[in-house]
Amino acid sequence: MSTSTIVFIPTSAKRAHELVTAPGKQVTAFTVNKELRSILDVTDPEETEHAAMVIGSVWGLAHTGRRLVLVAHVPAEQITDHEEVDNGGVTLTRLEPSNVTAWFADDDDADSRVAAAAVKGMTIDDAWNDVTVQTLIGEHELSWHDITEELPAVGTDPEGFPGVE
């Protein structure tokens with residue numbers, strides 16, 4: 001029997017709508033892996049999962065222009081390496097819509113616009129060290145939503161980001 005791993009998938013609104021309705025392949029996600037555990041100074045599993053979610057949201061900020069993160073429970077064998085492995089980055093070889101259980105997002109995307117513009121296209125490490133990102137993280141916690149709640153509208157994605165078609 002396969003074990004399930006919780007992953008956090010930073011995404012655009014358009015892609016989020018696709019992922020909750022049809023299987024996705026080669027999906028970037030973040031999870032608590034041994035590399036992430038080694039850089040975190042926490043032992044509480046919930047705190048390490050929260051850290052993986054926040055790190056994923058920073059990746060999303062730099063690549064999609066927003067902090068929208070899907071939460072999924074996936075079979076471990078569907079997880080492979082990713083260039084951001086040191087920050088908990090993984091690639092999902094497949095994501096079934098039924099694996100997605102919740103999502104996190106800013107209550108108001110206006111809160112993250114300045115930070116998104118400042119870190120557009122950066123790596124997580126560079127974006128993480130940006131003062132606008134640190135201010136955003138410190139002042140605006142992401143809100144949790146059950147997967148049955150309506151996702152942000154497709155037309156609300158910021159333009160000009162590499163992760164937004």
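**Exercise 1. Follow the sheet**

In which sense do β6 and strand β7 (residues 143–146) pair, and over how many bridges?

*Solution.* A quick note before starting: this is a predicted model.

Step 1. Take the pair asked about: β6 and β7 run antiparallel, with four bridges between them. For a register point, look at W103, which stands opposite H145 in β7.

Step 2. Now go to the other partner in this exercise, β3. Five bridges join β3 to β6, and these two strands are antiparallel. Two places to check by eye are V69, which faces F104 in β6, and L70, whose bridge partner in β6 is W103.

Step 3. Carry on from β3 to β1. That pairing is antiparallel too, over seven bridges, and S4 sits opposite P75 in β3.

Step 4. Check how covered these strands are. In β3, six of the eight residues are buried; in β6, five of the six are.

**Exercise 2. Take the core apart**

Find the largest nonpolar core and work out which elements build it.

*Solution.* Step 1. Count and pick the hubs. The core has 27 residues, and those with the most contacts inside it are F8, M53, L61, V71, F104, V119 and V133.

Step 2. Assign the suppliers. At least two core residues come from each of β1 (4–10), α3 (45–64), β3 (68–75), β6 (100–105), α4 (113–119), α5 (124–128) and α6 (131–139). The biggest share belongs to α3, with eight residues.

Step 3. Don't stop at one core. Another one lies apart from it, with 18 residues, including A13, A29, W103 and A105.

Step 4. Zoom in on one hub. Leaving out residues up to four places away in sequence, F8 touches A29, F30, E49, A52, M53, V69, L70 and V71.

As background, nonpolar side chains in soluble globular proteins tend to be buried together.

**Exercise 3. Read a helix by its faces**

Which residues of α6 are buried, and what do they pack against?

*Solution.* Step 1. List the buried ones: V133, L136 and I137.

Step 2. Look down the helix axis. The buried residues of α6 fall within an arc of 95 degrees, so they line one face of the helix.

Step 3. Flip to the face turned away from that buried side. There you'll find the exposed residues V131, G138 and E139.

Step 4. Name the neighbours. The buried residues of α6 pack against α3, α4 and α5.

**Exercise 4. Classify the ring contacts**

How many aromatic pairs does a search of the whole structure find? Once you have that, classify the geometry.

*Solution.* Step 1. The search turns up one pair.

Step 2. Use the angle. The ring centres of F30 and W59 are 6.3 Å apart and the planes meet at 50 degrees, so the pair is tilted. The cut-offs behind that call are under 30 degrees for stacked and over 60 for edge-to-face.

Step 3. Place the partners. F30 is in strand β2 (residues 27–30) and W59 is in helix α3, 29 residues apart, which makes this a link between distant parts of the chain.

Step 4. Check the burial. F30 has 0% relative accessibility and counts as buried; W59, at 13%, counts as buried as well.

Step 5. Add a ring contact of another kind. The charged end of K120 sits over the ring of F161, 5.3 Å from the ring centre.

**Exercise 5. Two residues in one loop**

Are G24 and Q26 buried or exposed?

*Solution.* Step 1. Locate them. G24 is in the loop between α1 and β2, and Q26 belongs to the loop between α1 and β2 too.

Step 2. Compare the accessibilities with the cut-offs, under 20% for buried and over 50% for exposed. G24 comes in at 2%, so G24 is buried. Q26 comes in at 56%, so Q26 is exposed.

Step 3. See what surrounds G24. Not counting residues up to four places away in sequence, G24 touches R15, L19, T93, R94 and L95.

Step 4. Check the backbone of Q26. Its phi is near 55 degrees, a positive value in a residue other than glycine. For context, most residues other than glycine have a negative phi.

Technical notes
Residues numbered from 1 in each chain as written. Predicted model: local features only at pLDDT ≥ 70, side-chain atom pairs only at ≥ 80, totals over all residues. Heavy atoms only, no water. Core = buried A, V, L, I, M, F, W, Y, C linked by side-chain atoms within 4.5 Å. Buried < 20%, exposed > 50% of the residue type's maximum accessible area, 1.4 Å probe, protein only. Contact = heavy atoms within 4.5 Å. Phe/Tyr/Trp six-rings, centres within 6.5 Å; stacked < 30°, edge-to-face > 60°. Lys NZ or Arg CZ within 6 Å of the ring centre and 35° of its normal. Arc of directions from axis to C-beta. Pairing = 2+ DSSP bridges.
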